[in-house]
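Please look over the sequence and the structure shown here before reading on, keeping in mind that this is a predicted model. The briefing is arranged by topic.

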Amino acid sequence: MQIAADELDTEATYKLLTGLVVPRPIAWVTTCSPEGVTNLAPFSAFTFVSNRPPMVGISVGRKAGVLKDTARNILATGEFVVNVPDETLVEAVHLSAIEYGPEESEVERLGLATLPGEAVRVPRLAGVPASLECRLAHAITFGQGGSQFLVGEVLHYHVRDGLLVDGKIDTRRLAPLCRLGGPNYARLGEVVTMRPIAQASKNDGAPIP
Ligand SMILES: Cc1cc2nc3c(=O)[nH]c(=O)nc-3n(C[C@H](O)[C@H](O)[C@H](O)COP(=O)(O)O)c2cc1C
């Protein structure tokens, strides 16, 4: 099937891209409004963009042209926390995307516990395996919809005891939650371990003459 990109409207494009760019990790982002309300929302347009300094980015769209609370808070305060949810938190993650007004806290509505940040004033979630405290480094606007790609420098990591083994995250123990297209999520499936690239030969996998 061939599809010319300019034949698809905004909705169809969203469905196609969110179905093809899978599985996506989830940044469960806490922010503070200038009035001090803790906001929580999930963002699966999430990646890391640099490791020196460590930087991660989320793409925040608009609702009817208006900035979402998360983007407004980050732009106003310059701070956010990316909490990493595990598979047990799927329901709370999903429900935290319900639209509440800026004066209402999703954290309170969902009865989630928070802990104070070490390097930022934004609280982090208590029940997650990891949290990344971030200071806004770049805000870039994309497309006609005006979505914001917000990049934060990670100032402090919180990692649950037992998850970091020999400097590497034990992915099985992390049990990350993945986002698919639509209201679909996934758990980690089978993990396939390959020879490290530095040890692999250019002839590995080549057809046998
Ligand atoms: C799992 C999941 C992932 C999401 N990812 C994004 C995303 O990457 N970008 C976005 O703008 N909205 C995303 N959303 C929708 C927002 O979470 C939703 O609009 C939320 O109400 C925003 O809250 P806020 O206004 O408090 O910032 C996602 C929703 C869910 C359930």
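The points below cover strand pairing, then the nonpolar core, and then one helix with the residue that follows it.

**Strand pairing around β5**

- Strand β4, which covers residues 46–51, and strand β5, which covers residues 54–60, run antiparallel and are joined by five bridges.
- Within this pairing, Thr 47 has Gly 57 of β5 as its bridge partner, and the connection from β4 to β5 is a hairpin of two residues.
- Strand β5 also pairs with strand β12, residues 147–159, in the antiparallel sense, and six bridges link these two strands.
- One of the bridge partners in this second pairing is Phe 149 in β12, which is matched with Ser 59.

**The largest nonpolar core**

- The largest nonpolar core contains 30 residues, and those with the most contacts inside it are Ala 27, Trp 28, Val 29, Phe 80, Val 81, Val 82 and Cys 134.
- Two or more residues of this core come from each of the strands β2 (27–32), β3 (38–43), β5, β8 (79–84), β11 (130–142) and β12, and also from each of the helices α2 (69–77) and α3 (90–95).
- If neighbours within four places in sequence are left aside, Trp 28 is in contact with Leu 40, Pro 42, Asn 83, Pro 85, Val 93, Leu 125 and Val 128.

**Helix α2 and what follows it**

- In helix α2, the buried residues are Asp 69, Thr 70, Ala 71, Asn 73 and Ile 74.
- After α2 comes Gly 78, which has a positive phi, near 75°.

Terms used: Residues numbered from 1 in each chain as written. Predicted model: local features only at pLDDT ≥ 70, side-chain atom pairs only at ≥ 80, totals over all residues. Pairing = 2+ DSSP bridges. Helix = DSSP H or I, 4+ residues; strand = E, 2+ residues; numbered from the N terminus. Core = buried A, V, L, I, M, F, W, Y, C linked by C-beta atoms within 7 Å. Buried ≥ 20, exposed ≤ 12 C-beta atoms within 10 Å, placed from the backbone. Contact = placed C-beta atoms within 7 Å.
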